[in-house]
Amino acid sequence: MATDVTTAAGTAGLWLPTARHVPSPNHGPRPAGVQPWLVVLHSISLPPGHYGGPYIEQLFTNTLDWDAHPYFQSIRGLEVSAHFLIRRNGELVQFVACERRAWHAGRSCWQGHDNCNDYSIGIELEGLEGTPFADAQYPALAALLATLRAHLPTLRAVAGHEHIAPGRKADPGPGFDWARLVRLTGWPAAWFASTAPAAPTSG
Ligand SMILES: [Zn+2]
């Protein structure tokens, strides 16, 4: 099995052996009976536009020193997480077991369903909205999506934070090459927000 189980700070569940595990306390149960069917893509860099360094992992584990950089004042006290982070060099980091509900989407809606955190896997790409992502991130993301779908066959949609919270969020932004991701995954183009109908559907 391509799974292992952590205890201690982590939570039992699906932790990918291809990822470095940095368990976050910021998660909770999904609603009863809900299987994740959506992947939400984000971008993050701390401070914005600065790559590398420990700050993202510190933010997601509630260990960030809010006084370490002036920008951090604007996010002071934030308790957030995502299931995964893909760094500029393609390194994969996992913070939350896939079965758990991570805290990445906020107020959001996709295909008529509110609260995307309930039914999504959140993936952060180290980057800055509006600027290109690194070449190494695309194959790493495609490989992650393939692995996820092997374990979570209910997955059938991929959207950006900008699509599920339009007007409020803009990541990953125009620097993300959706067509490249569609090609690399081999998944139906209709699964991706960039090509899916914009109008919410019922059900
Ligand atoms: Zn986001």
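Which residues of strand 9 are buried on one side, and which on the other? Ser-120, Gly-122, Glu-124 and Glu-126 lie on one side of strand 9, while Ile-121, Ile-123 and Leu-125 lie on the other, and all of these residues are buried. The structure is a predicted model. Its protein chain has 203 residues and contains 4 helices and 10 strands. This briefing begins with the whole chain, then turns to the sheet, and ends with several individual residues in loops.

**Overall form**

- The elements of the protein chain, taken from the N terminus on, follow the order β-β-β-α-β-β-β-β-β-β-α-β-α-α.
- The C-alpha trace spans about 45 × 40 × 30 Å along its principal axes.
- The radius of gyration of the protein chain is 16 Å, which agrees with the value near 17 Å that a compact globule of 203 residues would have.
- Of the 203 residues, 38% count as buried.
- Contacts often link parts of the chain that are distant in sequence: among those between residues at least 6 apart, 70% join residues at least 24 apart.

**The annotated domain**

- An unreviewed UniProt entry lists residues 24-173 as "domain: N-acetylmuramoyl-L-alanine amidase".
- Over residues 24-173, the chain is 17% helix and 21% strand.
- The C-alpha atoms at the two ends of this range are 26 Å apart.

**The sheet and its edges**

- Six strands form an open sheet with mixed pairing, in the order 1-5-4-9-3-10.
- Strand 1 (20-21) and strand 10 (157-160) stand at the edges of this sheet.
- Each of these two edge strands has a single partner strand, so one side of each is left without a neighbour in the sheet.

**Strand 9 and its partners**

- Strand 9 (residues 120-126) runs parallel to strand 3 (residues 38-44), and 7 bridges join the two.
- Two residues of strand 3 illustrate this pairing: Leu-38 stands opposite Ser-120, and Leu-41 has Ile-123 as its bridge partner.
- Strand 4 (residues 84-86) also runs parallel to strand 9, to which it is joined by 3 bridges.
- In this second pairing, Phe-84 stands opposite Ile-123.
- Ile-123 therefore appears in both pairings, as the bridge partner of Leu-41 and as the residue opposite Phe-84, within a strand whose pairing is defined by DSSP bridges.
- Strand 9 is mostly covered, with 7 of its 7 residues buried.

**Cis peptide bonds**

- The peptide bond from Leu-46 to Pro-47 is cis, with omega near -20°.
- Pro-47 belongs to the loop between strand 3 and helix 1 (55-60).
- A cis peptide bond also leads from Asp-171 to Pro-172, where omega is near 5°.
- Pro-172 belongs to the loop between helix 3 (161-164) and helix 4 (178-185).

**Asparagines with positive phi**

- Asn-62 has a positive phi of about 55°, although this residue is not a glycine.
- The position of Asn-62 is in the loop between helix 1 and strand 4.
- Asn-62 counts as partly exposed because 14 other C-beta atoms lie within 10 Å, a number between the limits of 12 or fewer for an exposed residue and 20 or more for a buried one.
- Asn-115 likewise is a residue other than glycine with a positive phi, here near 55°.
- The loop between strand 8 (113-114) and strand 9 holds Asn-115.
- With 16 other C-beta atoms within 10 Å, Asn-115 is partly exposed.

**Phe-176, a buried loop residue**

- Phe-176 lies in the loop between helix 3 and helix 4, the loop in which Pro-172 is also found.
- Phe-176 has 24 C-beta neighbours inside 10 Å, so this residue counts as buried, the cut-off being 20 or more.
- Apart from its neighbours within four places in sequence, Phe-176 is in contact with Phe-133 and Gly-160.
- Phe-176 and Val-80 are 96 residues apart in sequence, and their C-alpha atoms are 22 Å apart in space.

Definitions and conventions:
Residues are numbered from 1 along each chain as its sequence is written. This is a predicted model: local features need pLDDT of at least 70, side-chain atom pairs count only at pLDDT 80 or more; totals for chains, interfaces and linings use all residues. UniProt positions are given in the numbering used here, feature names are shortened, and annotations may be inferred rather than shown by experiment. The radius of gyration is taken over C-alpha atoms; the globule rule is 2.2 Å times the number of residues to the power 0.38. Two residues are in contact if their C-beta atoms, placed from the backbone, lie within 7 Å.
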